[in-house]
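Hi there,

Here is the structure I promised to pass on to you. Have a look at it first, and my notes follow below.

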Amino acid sequence: MSFAMFGIGVSGGIAIGPARLLSHTSLEVAHYAVPAEQLDREVERFDGAVEEVRGELETLRESVPAAAPAEVDAFLQLHLMILNDATLSEAPRTLILQQGCNAEWALKQQMDTLIRQFEAIEDMYLRERQADVVQVVERVLKALLGTTTTVSGGNRDTPGILVAHDLSPADMMLFKQQSFVAFITDVGGATSHTAIMARSLNIPSVVALHHGWSLVRENEILIVDGTQGVVLVNPDRQVLTEYRLRQEQWDLERQKLKRLRSTRATTLDGVDIELHANIELPADVDQVRKSGATGIGLFRSEFLFMNRPDLPDEEEQFHAYRAVAEAMRGQPVTIRSLDIGNDKPIEQGPRVTNNPALGLRAVRYCLSEPRLFNGQLRAILRASHYGNVKLLIPMLSNRAELDQTLAMLEQARAQLRAEGIPFDEEMPVGGMIEVPAAALALESLLERLDFLSIGTNDLIQYTLAIDRTDDSVAHLYDPLHPAVLFLVSHVIRTASKHHVPVSVCGEMAGEPQLTRLLLGFGLRCFSMHPNHLPVVKQVVLKTTLSETESTARRILGAHTAERISALLAKLNS
Ligand code: PEP
Ligand code: MG
């Protein structure tokens, strides 16, 4: 059966390949003995997990749109049948009682038995149903265990398409090392960190597909169109041929753009524009150099802290920052101090609260952990001796936070001086403007900052009250909302008036449709994912600055989305 799914394209291009399902458990479960007097409770735990999954599947069935193919419902029904069958819902109970073992182990053993039986079946259709059994067991294990993630088996020689319900930025880090040609998830918004990471993998990606993980099966052929946000499952030959052609055209375009690498980003009226890159890890520098970026506008240092049980100490951080500073050979390297919390949790980080985006995040967290912050500030200062390093403070919302941070920086400087460790006494310190309060009360921060960087991802989230990771409100996440445009242009204008350099480092900076608008607002420095740099550069090269300003002003005065997009189309024509 072939069908299409629609989501939000977060990284462009077309990929074709077999599905590789990301399971929520490793299926390698612990085996331990349960004391006789606790066996009844273990059985209850197992029953509870089965019940939870039953509820999940029933809810899924209810939420299938009426227009969906009949097979979708049949598929969910099949999973319910498997779950309700005594071989899965009863047999493990007996095993728990007979063997005195834990529920996960009993379930896993029963699954292995079932799989052996399936393997002996001649009928191909029935034999393939073992994948369904595994999916159902995984759901139950997930209910028993929580959520760790691994990719299912399959033939690893063929690069596949990663299909997941959800991926954390930490998961994405792990997948950076494996070869996938695309990834798709059920949840997530276009500027979630997971989506940003996907862009850094430079592969087509679609998020917010809602039921992809339940509907797609291991090894099914998928076409992922990351530009349109469409996924085609089991396409027929004609569709495959058509998409292969489109894929070739896309690749050809990208190749052509690469030739712009060493061309300076100068407008038609001769103004140089700085195009910088955003990175997550020192290893990304390679990509930055290939993109032709003239500096690093955002080094998201928190990624050094992920996927590990401990925290990197000052020494480890120093070596990472120094490596980037040296690799960039005198070009600016803007290191952002730790921005964890919200959708970028780390194992040792702040406690998860109801509203992490409004909680102890970024500079707030750092100020509450002075030892950790001191180590990072010292590491960044030390690295400044080896290149053109700048410090960027995320999530500032008031003057007191800035003053405290600068006091901590001064303390770190004094320590290094006393220890005779060299650092750049003039290292510039910038603030991220990503909380509306900071944008509106900008003048209270400006006098103590050497530069600004507008974090539009968060600025949009906080201005519009839209959780950037929540796909159910993703349609309301709008960079062209008049309030967002007002704040962005206000920050650029105010900073320029005070001669404080300003850049944009959120996803808006890498969106070619918005390049002229930002230029028209007066922006002269953009920082984006290196993959976006060539297309943005192409726009810059074809732009006459003086022609952008009046339309940008009219866009600021427009009241409806229709008027704004009409004016934007005019600006981009
Ligand atoms: C932003 O908020 O725009 C930004 C660049 O920071 P991050 O995406 O890491 O929150
Ligand atoms: Mg941010």
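Please keep in mind that this is a predicted model. I began with L452, which, leaving aside its neighbours within four places in sequence, is in contact with G431, I433, L442, L446, V491, A495, V500, P501, V502 and S503. L452 belongs to the largest nonpolar core, which has 102 residues; together with L517 and F526, L452 touches the most other members. There is also a second, separate core of 51 residues, and M5, I96, V133 and L209 are among its members.

Next, the metal. Which residues supply the protein donors of the magnesium ion (ligand 2)? They are E434, through OE, and D458, through OD, at 2.0 to 2.1 Å from the ion. This pair links distant parts of the chain, as 24 residues separate the two. E434 sits in the loop between β14 (429-433) and α17 (436-440), while D458 is in helix α19 (residues 456-464). Both E434 and D458 are buried.

Ligand 1 is worth a look too. It is surrounded by 17 residues, and the closest are R300, R336, G455, N457 and R468. Oxygen atoms of ligand 1 also take part in these pairs:

- 2.8 Å to a polar backbone atom of N457
- 3.1 Å to a polar backbone atom of T456
- 3.5 Å to an N or O atom in the side chain of R361

Taken alone, ligand 1 exposes 280 Å², and the protein buries 100% of that.

Happy browsing, and best wishes!

Methods: Residues are numbered from 1 along each chain as its sequence is written. Chains are lettered from A and ligands numbered from 1 in the order in which they are written. This is a predicted model: local features need pLDDT of at least 70, side-chain atom pairs count only at pLDDT 80 or more; totals for chains, interfaces and linings use all residues. Side-chain values use heavy atoms; hydrogens and water are left out. Donors are N, O and S atoms within 2.8 Å of the metal (3.2 Å for Na, K and Ca); water is not among the atoms, so sites may look incomplete. Helices (H or I, at least four residues) and strands (E, at least two) are DSSP runs, numbered from the N terminus. Buried means under 20% relative accessible area, exposed over 50%, partly exposed in between (1.4 Å probe, protein chains only). A nonpolar core is a set of buried Ala, Val, Leu, Ile, Met, Phe, Trp, Tyr and Cys residues joined through side-chain atoms within 4.5 Å. Contact means heavy atoms within 4.5 Å. A residue is near a molecule or strand if one of its heavy atoms lies within 4 Å of it. A polar contact is a pair of N or O atoms within 3.5 Å; within protein, one must be able to donate a hydrogen and the other to accept it, and residues adjacent in sequence count only if both atoms are side-chain atoms. Accessible areas come from the Shrake-Rupley method with a 1.4 Å probe; for residues, only the protein chains shown count as cover.
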